[in-house]
Amino acid sequence: MNQERVFNVLLGPHVSEKSAAATELANQYAFRVARDATKPEIKAAVELMFKVEVESVQTVNQKGKTKRFGGRIGRRDHARKAYVSLKPGQELNFSGEAS
């Protein structure tokens, strides 16, 4: 797998009440990922960037909402999210400090 591709797969963490609950209950972390990212690419990117062991990856394709901008109808971009489950005893640290 191309090293540059691995760094372009993860776009950022997805922060919401649902993702916070998943982190506490099931040791799952949510990320916004590239629309064409595959599960093996997402797994490799998380393991490389955060130095953790990934147990499984679940993905969700989210359709963009239709919105009005003034009198015109528009659409937000489509998005892809990945829920990454870590192996027991593993933990992600978003602060950038090594643990």
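Phe50 is partly exposed, because its relative accessible area is 23%, where partly exposed covers the range between buried, under 20% relative accessible area, and exposed, over 50%, as found with a 1.4 Å probe on protein chains only. Phe31, by contrast, counts as buried, because its relative accessibility is 2%.

Before going further, note that this is a predicted model, in which local features need pLDDT of at least 70 and side-chain atom pairs count only at pLDDT 80 or more, whereas totals for chains, interfaces and linings use all residues. Residues are numbered from 1 along each chain as its sequence is written, and side-chain values use heavy atoms, with hydrogens and water left out.

The two phenylalanines just mentioned belong together. A search of the whole structure finds one aromatic pair, and the rings of Phe31 and Phe50 have their centres 5.9 Å apart with their planes at 35°, so this pair is tilted. Rings of Phe, Tyr and Trp (its six-membered ring) pair if their centres lie within 6.5 Å, and planes under 30 degrees apart count as stacked, over 60 as edge-to-face and the rest as tilted. Since Phe31 lies in strand S2 and Phe50 in helix H3, the pair ties together parts that are 19 residues apart in sequence. Helices (H or I, at least four residues) and strands (E, at least two) are DSSP runs, numbered from the N terminus.

Strand S2 leads us to the sheet, which is open and has four strands in the order S1-S2-S6-S3, with antiparallel pairing; two strands pair if DSSP finds at least two bridges between them. The edge strands, each pairing on one side only, are S1 (10-13) and S3 (54-62). Strand S2 pairs with S1 over three bridges, one of which sets Leu10 against its partner Val33 in S2, and with S6 over six bridges. S3 and S6 (residues 79-86) pair over eight bridges, and here Ser56 has Ser85 of S6 as its bridge partner. Five of the six residues of S2 are buried, so this strand is largely enclosed by the rest of the structure.

Helices complete the picture. Helix H2 (residues 17-26) lies across S2 (28-33) and S6, and runs at about 140° to S2, while helix H3 (residues 39-50) packs on the sheet, touching S1, S2, S3 and S6, with its direction at about 125° to that of S3. Contact here means heavy atoms within 4.5 Å; axes are lines fitted to C-alpha atoms, for helices over the stretch in contact, and angles run from 0 to 180 degrees between N-to-C directions.
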